[in-house]
2 protein chains.
Amino acid sequence: MSEPDRISSKNLTMQDIAKAAGVSPMTVSNCFRYPDRVRPKTRETVMNVAAQLGYVPNMSAGLLAAGSSQVIGAVLPSIRNSAFYRYVAGLRQAATERGHELITMIAETPEEELSAVQTLLGLRVAGIALVAGPHVADLRQLLALSGTPVVESWGGEDAIGCGVAYDVGAASRELTQHLIKQGRRRIGFVQVLGGGEQRYTMRFPGFQKVMFDAGLADNLVLTVRAADGFGSGARILNEFLSLEPRLDAILCPTDVVAAGALFECQRRGLDIPGDIAIAGWGDYDIGRQLSPTLTTITPFSFDIGAGAVKMLLEGGAERPNSLLTPYALEVREST
Amino acid sequence: MSEPDRISSKNLTMQDIAKAAGVSPMTVSNCFRYPDRVRPKTRETVMNVAAQLGYVPNMSAGLLAAGSSQVIGAVLPSIRNSAFYRYVAGLRQAATERGHELITMIAETPEEELSAVQTLLGLRVAGIALVAGPHVADLRQLLALSGTPVVESWGGEDAIGCGVAYDVGAASRELTQHLIKQGRRRIGFVQVLGGGEQRYTMRFPGFQKVMFDAGLADNLVLTVRAADGFGSGARILNEFLSLEPRLDAILCPTDVVAAGALFECQRRGLDIPGDIAIAGWGDYDIGRQLSPTLTTITPFSFDIGAGAVKMLLEGGAERPNSLLTPYALEVREST
DNA sequence: GACTAGAATTGTAGCGCTACAATTATTTGT
DNA sequence: ACAAATAATTGTAGCGCTACAATTCTAGTC
């Protein structure tokens, strides 16, 4: 108790548990790490003593000695809206199934992402799950040099380490084609800035291609920041209408932005989809509750998360280093 | 490379950096840990070599040797809705200001929470931030025995370790009084089950007291699960109306549930607040975008997070072990 | 009881870093 | 030039656990 800075005021080690249980420290270690190597009676004695004294093995020491970790680290750009909860649920389940724990860190800027990755590398996690960029210039090299398995999801073909993604381009094209098939001709496209915007900007080329092929203009483009919520939907609706009063559709980056635009239409007395069709992306919960219900793109987020962990922990030279997950176009009342 | 299970395929240590930079391993260590002890020229040489080789110090070894950690662990019940993003932002900022990193783990059940806490104890984090219970029976004792600083936020007077919270009872009473002052007499109260429901159930006594004092019935109570989203708001609205067709207000546990109830009112052609007043809780983004805008209770979530880290890292016998943060009643159009 | 094989337990050295102390190098003042 | 003080660098032992090997214990057979 003379060292208040120590990790645990009790500073229990396996030595202490061993003494109290009448066995060697190695037996204590084997009880925790290789329980099958220990006679049930002995193991029960040891574990009871440990529980009684509140002993939890020091993972750092174990990691250092064993040279391997059972912890997966994930970096997320935001938990503000519900974009990643299914992805994280997939990460968690896949990690748990494989005897690993998932820790997450929030990183809203590329610089914060680098810092988070450095922490995870320092912790010598078993693998790192990233979300699409942009990343700071040094990140790719740092991770390559580290040798830690890395998977980048939600991005495109230049993933750091392995890649897990759905075909964003196909989804974008399909959604745009849907709007055109509904008779929409003046379609606004909402871009995103900040907060790992790569996963959004990848959608624009698909929009452009379909608009070009249909002989329609693709220059009705406005930008919201990734960190913005519902209010940005209202704002861009108003801006689109001042740019093009006959606007007849908006393709939004998330269901949150779409909901905000939808609310603003209602405030302005515009009929959806009679006057303006609104499409979202991401199949957030709110989309199903709006009136009219929101058309959206559904990435299989849980599968992305589960696939990412699978690639981290089961990767090898003979395994593919990218995984394509499905998506679905959910056509509802708003288009 | 004969050991693919090693943490890093490169297995760089300070010894390697020292050789390449022409200094001792201790100097490399001092460059990272006590940069002021090293001559700038030497430090520059060492850090350049380290960056070039992609060396990140092994935090486990450092933690073991130093006996202290710069990592704070937080356990969250959910990231599904945006309940905790400001809280986490507060945690992050306060940790960063104090030279610490924040890692988070998701734990949806008390058993998962225990597992998460064990991981964090194994990592010998500098402190653990919990969210209100219910907790498994052994958690309190485990944490007390561990000696790791703990703070529990969003709960009440029986916090594990230190406590950070706002006066939930006062908020509940004030919101109920507001509804009564608006002429509401048949008020439905929505309870929550699962997902750390303690922070919700704490609100009911305040509701009961104010209703009792006003001579009104407090038995219009329905329950949603914490994991439910907007749809549960629609469901409980319908159930309340079948219980009490003259229902004139609902007090919801979150703005998400309230938004769901609001959407259902609109679908049923009920006027808000003319026919039914709807109050939420939590000041989620969506509340401000609805028409009508949603009355809600605003906890100062960021302050709770920041205060929690402050108590973890700056606690001591002479410091208080609980912190009360403010809240605000945001009266908007829905009541 | 003696022997053998397998199960269970224990011993050893080292994982990568660092607190603290010791040594060396540099700077300052006379 | 020399001495003293300060700055910078380096050495040592150990943090708590474990891979691998060695030793001890137990059960079965003759």
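**Notes on the two-chain model with DNA strands C and D**

Of the atoms of DNA strand D that lie within 4 Å of the protein, 70% are sugar or phosphate atoms, and the remainder are base atoms. Please keep in mind while reading that this is a predicted model. My points follow, beginning with the DNA.

1. **Around strand D.** There are 27 residues around DNA strand D, and those that come nearest are A:Ser29, A:Tyr34, A:Tyr55, B:Thr27 and B:Thr42. Sorted by class, the surface near this strand has 14 nonpolar, eight polar and five charged residues. Helix 2 and helix 4 of chain A, along with helix 2 and helix 4 of chain B, each supply at least two residues of that surface. The largest share is that of helix 4 of chain A, with five residues.

2. **Phosphate contacts of strand D.** Three contacts deserve a look in your viewer. The side chain of B:Thr42 has an N or O atom 2.4 Å from a phosphate oxygen of DNA strand D. B:Thr27 places a polar side-chain atom 2.5 Å from a phosphate oxygen of this strand. With A:Met14 it is a polar backbone atom that is 2.7 Å from a phosphate oxygen of DNA strand D.

3. **Around strand C.** Now to the other strand. DNA strand C is surrounded by 27 residues, the closest being A:Thr27, A:Thr42, B:Ser29, B:Tyr34 and B:Tyr55. Of the atoms of DNA strand C that come within 4 Å of the protein, sugar and phosphate account for 70%. The surface near DNA strand C has 14 nonpolar, eight polar and five charged residues.

4. **Phosphate and base contacts of strand C.** Which part of DNA strand C does the backbone of A:Ala65 approach? A polar backbone atom of A:Ala65 is 3.4 Å from a base oxygen of the strand. Phosphate oxygens of DNA strand C have partners too: one is 2.4 Å from an N or O atom in the side chain of A:Thr42, and a polar side-chain atom of B:Ser29 lies 2.5 Å from a phosphate oxygen. The elements giving two or more residues to the surface near this strand are helix 2 (25-33) and helix 4 (59-66) of chain A and helix 2 (25-33) and helix 4 (59-66) of chain B. Helix 4 of chain B gives the most, with five residues.

5. **Helix 2 of chain B.** B:Ser29 also appears in the packing of its own chain. In helix 2 of chain B, the residues B:Val28, B:Ser29, B:Asn30 and B:Cys31 are buried. The buried residues of this helix pack against helix 1 (14-21) and helix 3 (40-53) of chain B.

6. **The interface between the chains.** Chain B has 61 residues in contact with 62 residues of chain A. About 5600 Å² of area is buried between the two chains, and carbon and sulfur atoms give 57% of it. There are 20 residue pairs in polar contact between chain B and chain A, counting pairs with both residues at pLDDT 80 or more. The side of chain B that touches chain A has 28 nonpolar, 22 polar and eleven charged residues.

7. **Salt bridges across the interface.** Six salt bridges are found between chain B and chain A. One pairs B:Arg92 with A:Glu108, with the closest N and O atoms 3.7 Å apart. Another pairs B:Glu108 with A:Arg92, again with 3.7 Å between the closest N and O atoms. Why does this pair join two chains? B:Glu108 sits in the loop between strand 2 (101-106) and helix 6 (110-122) of chain B, whereas A:Arg92 belongs to helix 5 (residues 85-97) of chain A, so the pair joins two chains. B:Glu108 is partly exposed at 43% relative accessible area, while A:Arg92 is buried at 16%.

8. **Salt bridges within chain A.** Over all chains, the whole structure has 29 salt bridges. In chain A, A:Asp283 and A:Arg288 form one, their closest N and O atoms being 2.9 Å apart. Is A:Asp283 buried or exposed? A:Asp283 is buried, with a relative accessible area of 6%, and A:Arg288 is partly exposed, at 39%. Salt bridges with shared partners also join A:Glu97, A:Arg98, A:Lys310 and A:Glu314 into one network. Within it, the side chains of A:Glu97 and A:Arg98 meet at 3.5 Å, N to O. A:Glu97 is exposed, at 56% relative accessible area, and A:Arg98 is partly exposed, at 25%.

Definitions and conventions:
Residues numbered from 1 in each chain as written. Chains lettered and ligands numbered in written order. Heavy atoms only, no water. Contact = heavy atoms within 4.5 Å. Buried area = accessible area lost by both parts, 1.4 Å probe. Salt bridge = Lys/Arg side-chain N within 4 Å of Asp/Glu carboxyl O. Polar contact = N/O pair within 3.5 Å; in protein donor to acceptor, adjacent residues only side chain to side chain. Nonpolar A, V, L, I, M, F, W, Y, C, P; charged D, E, K, R; others polar. Near = heavy atom within 4 Å. Helix = DSSP H or I, 4+ residues; strand = E, 2+ residues; numbered from the N terminus. Buried < 20%, exposed > 50% of the residue type's maximum accessible area, 1.4 Å probe, protein only.
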